[in-house]
Amino acid sequence: MAHILSTSCCLKISSSSKKSYFKPSNESLTLFSASLTSKTCKSLMPRLVWHEKRLARKCVVRATTLPTSQEAPTTQSTSGSLDGSSRSSKAKRAMIIGGDGYCGWATALHLSKKGYEVAIVDNLVRRLFDHQLGLDSLTPISSIHNRIRCWKSLTGQTIELFIGDICDFEFLAETFKSFEPDAVVHFGEQRSAPYSMIDRSRAVFTQHNNVIGTLNVLFAIKEFREDCHLVKLGTMGEYGTPNIDIEEGFITITHNGRTDTLPYPKQASSFYHLSKVHDSHNIAFTCKAWGIRATDLNQGVVYGLRTDETAMHEELYNRFDYDGVFGTALNRFCVQAAVGHPLTVYGKGGQTRGYLDIRDTVQCVELAIANPANPGEFRVFNQFTEQFSVNELAALVTKAGQKLGLDVQTISVPNPRVEAEEHYYNAKHTKLVELGLKPYLLSDSLIDSLLNFAIKYKDRVDTKQIMPSVSWRKIGVKPRTITA
Ligand SMILES: NC(=O)c1ccc[n+]([C@@H]2O[C@H](COP(=O)([O-])OP(=O)(O)OC[C@H]3O[C@@H](n4cnc5c(N)ncnc54)[C@H](O)[C@@H]3O)[C@@H](O)[C@H]2O)c1
């Protein structure tokens, strides 16, 4: 597995601060350099290493670029309504695990803008996946350090940074003790279904990274911040495509004359989606056993680039994945339209899923934090705003592309996945709307937040990355490099 994860960062640990902050050794921290200057971290072995035999990954690097100087906000975010004393735990300090990623970065900035004290925890492994697979974001993205510095210079707001792997409990414990979060938003997982289906080692990595990372977060909350609200990103893909309506987390069933409300059945269709199912079970169990308060956000497919905050400066731009491994359907179609590549519909194209704008992702997380689950409550929200089939998406992109003068064609390519290509799909998604979500609809975003960006950056597109390169059926034990 060393071919997937072998990295470390050069860092010096500052002892001047009351809190144990760890500062980068130089301004331009080199992401994948091979040594660590800290004397105190010996036991942590500051490298991202996967030792398959002992299944213990010791990572790390603990860092923050900026000391906390902000006072906790005196007023709370106003979106959503608190419904009484049982939900009185108002979060002021939000820890964003995976805050260097697509959803996490936009969320970190949004919460910082809303007056929360924000810390990002990330091991930057998403950037490493790109290096190893020969992929790149359509938009150029700055280093996490420059992103945070830019945000500080534009807004005066500090975002703390802890670089390390949440699978390393010692690292995670330090971040909890140092930052003392009121809410933890957990985006920090390997999130691509195709990535998890490349080969055995990626399948094992995905499940280890996601399940153990989440388990560590649960133990950290129990040990250090038991009143802290966990907001965990799950996926609508946990449910699969059953031939009945999909409820929000639970279904009431009458069986042999007896009735109970039970977790909605899960039918995940990749090793990635299965890791999310395991996470949900672990979270539900610890809510019951330890009284943890948690919200599982079963998110649909996210599209779009712009949020109010990321649009403020090019150094704040979000990543935008269009390749066959990390690109989500709509983002991919827009890039394909921009470069004159036919839209690649997998199989019959009747695959229907829930979708949402990245601006709604940040809104939903804010609503979940502002209205926390009660102690011991395992709450599930289906986080999407509209559902579309792949054929419907292709038709929408074709129409919008024509308005911009693009000649958009569509082809059907053999489906690399194992999934129903025509099926019933009706998923409930009312709980976030009841809390105050005001959705951005695709019709409003398609041109501004997607196609225009795809056109602006089309010279950066590597057309070799457009076609799917990972087959669900051909996964094997041999380590694979997916690009030529
Ligand atoms: N993007 C979508 O369309 C979508 C849809 C449904 C659910 N989700 C969920 O939302 C979350 C975020 O998705 P995203 O698109 O932003 O993914 P992303 O890959 O862009 O971001 C994930 C971040 O987590 C970090 N990370 C991964 N493992 C880590 C570890 N062990 N320790 C510390 N950091 C780690 C990565 O470096 C990366 O910055 C994921 O859990 C994903 O499953 C995303």
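The following exchange asks how some descriptions of this predicted model are justified.

Biologist: How do you know how far to trust the chain?

Modeller: The average pLDDT is 85, and 81% of the residues score at least 70. Residues 1-89 are another matter, since pLDDT stays under 50 there. The model still has 181 contacts beyond four places in sequence for residues 1-89. Where pLDDT is low, the predicted coordinates should not be read in detail.

Biologist: What makes up the secondary structure of the chain?

Modeller: Twelve helices and 18 strands. Of the 484 residues, 50% count as buried. Among contacts with a separation of 6 or more, 83% are between residues 24 or more positions apart.

Biologist: Why is Glu 226 called exposed?

Modeller: A residue is exposed if 12 or fewer other C-beta atoms lie within 10 Å of its own. Glu 226 has 12 C-beta neighbours inside 10 Å, so Glu 226 counts as exposed. Its place is in the loop between α6 and β9. The C-alpha atoms of Glu 226 and Pro 375 are separated by 8.9 Å, with the two positions 149 residues apart along the chain.

Biologist: What makes you say that β11 is hardly covered?

Modeller: To be buried, a residue needs 20 or more other C-beta atoms within 10 Å of its own. Among the six residues of β11 (residues 258-263), the count of buried residues is zero.

Biologist: How do you know that β10 and β11 pair?

Modeller: Pairing takes at least two bridges between the strands. Six bridges join β10 (residues 250-255) to β11, and the two run antiparallel. One of the partnerships is that of Phe 250 with Pro 263 in β11. The hairpin has two residues between its strands, and Asn 256 takes a positive phi near 50°.

Biologist: Why are β13 and β17 called edge strands?

Modeller: They belong to an open sheet of three strands in the order β13-β15-β17, with mixed pairing. β13 and β17 (386-389) each have a single partner strand, so one side of each is left without a neighbour in the sheet. Neighbouring strands of this sheet are turned by 45° against each other on average, direction ignored. The pair β13 and β15 (residues 352-357) is parallel and joined by three bridges, and Tyr 303 stands opposite Asp 357 in β15.

Biologist: What makes up the parallel sheet, and in which order?

Modeller: Seven strands form this open sheet, ordered β7-β6-β5-β8-β9-β12-β16. β7 (159-163) and β16 (378-383) are the edge strands, each pairing on one side only. Here neighbouring strands are turned by 20° against each other on average, direction ignored.

Biologist: How do you know that β8 and β9 pair within it?

Modeller: The requirement is at least two bridges, and β8 (residues 183-186) and β9 have four, in the parallel sense. Val 184 stands opposite Leu 230 in β9. Helix α6 lies across β5 (93-97), β8 and β9, running at about 180° to β8.

Biologist: What makes up the shell around the ligand?

Modeller: To be near the ligand, a residue needs its C-beta atom within 6 Å of it. The ligand is surrounded by 27 residues, the closest being Gly 98, Gly 101, Cys 103, Arg 126 and Arg 191. By class, ten are nonpolar, eleven polar and six charged.

Biologist: Which elements supply at least two residues each?

Modeller: α1 (102-113), α2 (125-133), α6 (200-224), β9 (229-235) and β13 (301-303). With three residues, α1 gives the most to the shell.

How values were computed
Residues are numbered from 1 along each chain as its sequence is written. This is a predicted model: local features need pLDDT of at least 70, side-chain atom pairs count only at pLDDT 80 or more; totals for chains, interfaces and linings use all residues. Ala, Val, Leu, Ile, Met, Phe, Trp, Tyr, Cys and Pro count as nonpolar, Asp, Glu, Lys and Arg as charged, and the others, Gly among them, as polar. Axes are lines fitted to C-alpha atoms, for helices over the stretch in contact, and angles run from 0 to 180 degrees between N-to-C directions. pLDDT is the predictor's confidence in each residue, from 0 to 100. Two residues are in contact if their C-beta atoms, placed from the backbone, lie within 7 Å.
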